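Here are my notes on the model, set out point by point. Please read them with the structure open.

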Amino acid sequence: MTAHKWQEDVQRDLVRNAGDRAALFVRGEGATLWDADGKRYLDFLAGIAVNSLGHAHPAFVEAVATQAATLAHVSNLYATPWQLELAARLKRLAGTGETGRVYFGNSGAEANEAAFKLARLHGGADRPRILTLKDAFHGRTMGTLALTGKPYMQEPFLPMVPGVEAIDSTIEALEAALDDRVAALFVEPIKGEAGVVELPEGYLAAARELTARHGALLIVDEIQTGAGRTGAWFAFQHTGITPDAITVAKGIGGGFPIGALITYGAASDLFYPGTHGSTFGGNALGTAVASAVLAEIESADLVGNAAVRGPQIRETVAAIGSPLVEGCRGQGLLIGVALRHPVAGAVVAAAHEHGLIVNAANDATVRLAPPLTIGDVEIDEFAELFARALSTVEQALLLDAPSHTEEASA
Ligand SMILES: *Cc1c(COP(=O)(O)O)cnc(C)c1O
């Protein structure tokens, strides 16, 4: 394949922190993307769980246009009605009650940085320890990188911000690690970047009880799982616990960059004037758009749609009967298709060729995170394209037809 000019531009002009880009996208509508050559793709990744409403949804377009023409930014020296409306909406959806509070940033990492500072404010000198899970992903800034339990990501940037310890994702490991010198536990309800890996049964409930017993904060990172993706507004709500704080970003802006820390109860009183801030955070444009996105998710019951479409997609994947596929993990519309061989990259590339956008959450897991708006039409098309992609890779691996591979091992 001859390199396109845009690929040369990528090589020359962009910092080389990421790999080659697979396409130059120029337009989107719903769950459809078009590249610069006019090729059409079905988008089952939604910009990594960001485009909750799909591309160019009228509610999103209208909110951006109207707000841009009204008031975009005034700085946090001042309040705006749109910021206050989004804060109230997030408090309601997250179930904080009256005592909750919201801090706005512009990304997931900024939401988690704020949560890290919340943990330090809570811990003070007496509680220097912060717990996170091995394999967790909480962001790429220096603070959130320390929270990200992946040594290979941290290694080029040592030394890390001190105090953070990564523990195994078991209730026993948490029990062993907790003491009265721990300020907080950070946890993803489903470890998205680790490969859509669920926590052990009962983990969040146990974590709530144990952290409360030791006076540590329970901080739930809902950046990938929030905004309805798992079939609840926030994934922790499947469990009935109340955390001390959650962080959100990705899906709440529907494509507009925004993140937030949402606090509950006593944790809401830890920040005081001068302890944190952001110039762009919570500006009128971002908050108006996020409010419009969340209002549309609510009025169209896209949380309910995620709850129904998730199982439908899993059945669809099972029905393909590919010898490559071991099964599905995740919840709602955050799905990890587990493969029996470490060929997720090849499946993603084959899917791309066939016009389907998915990504590799790890070597042996293909992540599906379609827009929350998808229905039967998109799922039928997905079934066809994903079957073709799997078949392409099966042929390359010379795997037998489904009926002959009952013993195929993981
Ligand atoms: C994406 C993600 C982040 C980081 O968000 P950015 O907007 O990329 O900074 C943090 N935590 C989780 C669970 C994520 O999925």
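1. Start with histidine 352. Leaving aside neighbours within four places in sequence, histidine 352 is in contact with Ala22, Ala23, Lys39, Tyr41 and Ile357. The residue belongs to helix α12, which covers residues 344-354. Its relative accessibility is 13%. Histidine 352 therefore counts as buried, the cut-off being under 20%.

2. A word on the source. This is a predicted model. Please read each point below with that in mind.

3. Next, lysine 250. UniProt, in an unreviewed entry, places the feature "modified residue: N6-(pyridoxal phosphate)lysine" at Lys250. That annotation comes from the record. In the model, lysine 250 sits in the loop between β11 (245-248) and β12 (259-263).

4. Is lysine 250 buried or exposed? Neither label fits: at 22% relative accessibility, lysine 250 counts as partly exposed. Buried would need a value under 20%, and exposed one over 50%.

5. The surroundings of lysine 250 deserve a look. With neighbours within four places in sequence left aside, lysine 250 is in contact with Ile48, Ala49 and Val50, among others. Its other partners are Ile223, Gln224 and Ile258.

6. Glycine 310 is placed in helix α11, residues 302-320. Its relative accessibility is 0%, so glycine 310 counts as buried. Beyond its neighbours within four places in sequence, glycine 310 is in contact with Gly332, Leu333 and Ile335. The C-alpha atom of glycine 310 is separated by 30 Å from that of aspartate 20. Those two residues are 290 residues apart along the chain.

7. Now the overall fold. The protein chain has 13 helices and 17 strands. Its radius of gyration is 21 Å, close to the 22 Å that the globule rule gives for 410 residues, so the chain is as compact as a globular protein of that length. The C-alpha trace spans about 60 × 55 × 45 Å along its principal axes.

8. On packing, 52% of the 410 residues count as buried. Take the contacts with a separation of 6 or more: residues 24 or more positions apart account for 71% of them.

9. Last, surface and charge. The protein chain exposes about 17,800 Å². Carbon and sulfur atoms supply 56% of that area. How many side chains are positive, and how many negative? There are 30 positive and 47 negative side chains. The centres of the two sets lie 5 Å apart.

How values were computed. Residues are numbered from 1 along each chain as its sequence is written. This is a predicted model: local features need pLDDT of at least 70, side-chain atom pairs count only at pLDDT 80 or more; totals for chains, interfaces and linings use all residues. Side-chain values use heavy atoms; hydrogens and water are left out. Helices (H or I, at least four residues) and strands (E, at least two) are DSSP runs, numbered from the N terminus. The radius of gyration is taken over C-alpha atoms; the globule rule is 2.2 Å times the number of residues to the power 0.38. Buried means under 20% relative accessible area, exposed over 50%, partly exposed in between (1.4 Å probe, protein chains only). Contact means heavy atoms within 4.5 Å. Accessible areas come from the Shrake-Rupley method with a 1.4 Å probe; for residues, only the protein chains shown count as cover. Lys and Arg count as positive and Asp and Glu as negative; His and the chain ends are not counted. The place of a charge is taken as NZ of Lys, CZ of Arg, CG of Asp or CD of Glu. UniProt positions are given in the numbering used here, feature names are shortened, and annotations may be inferred rather than shown by experiment.
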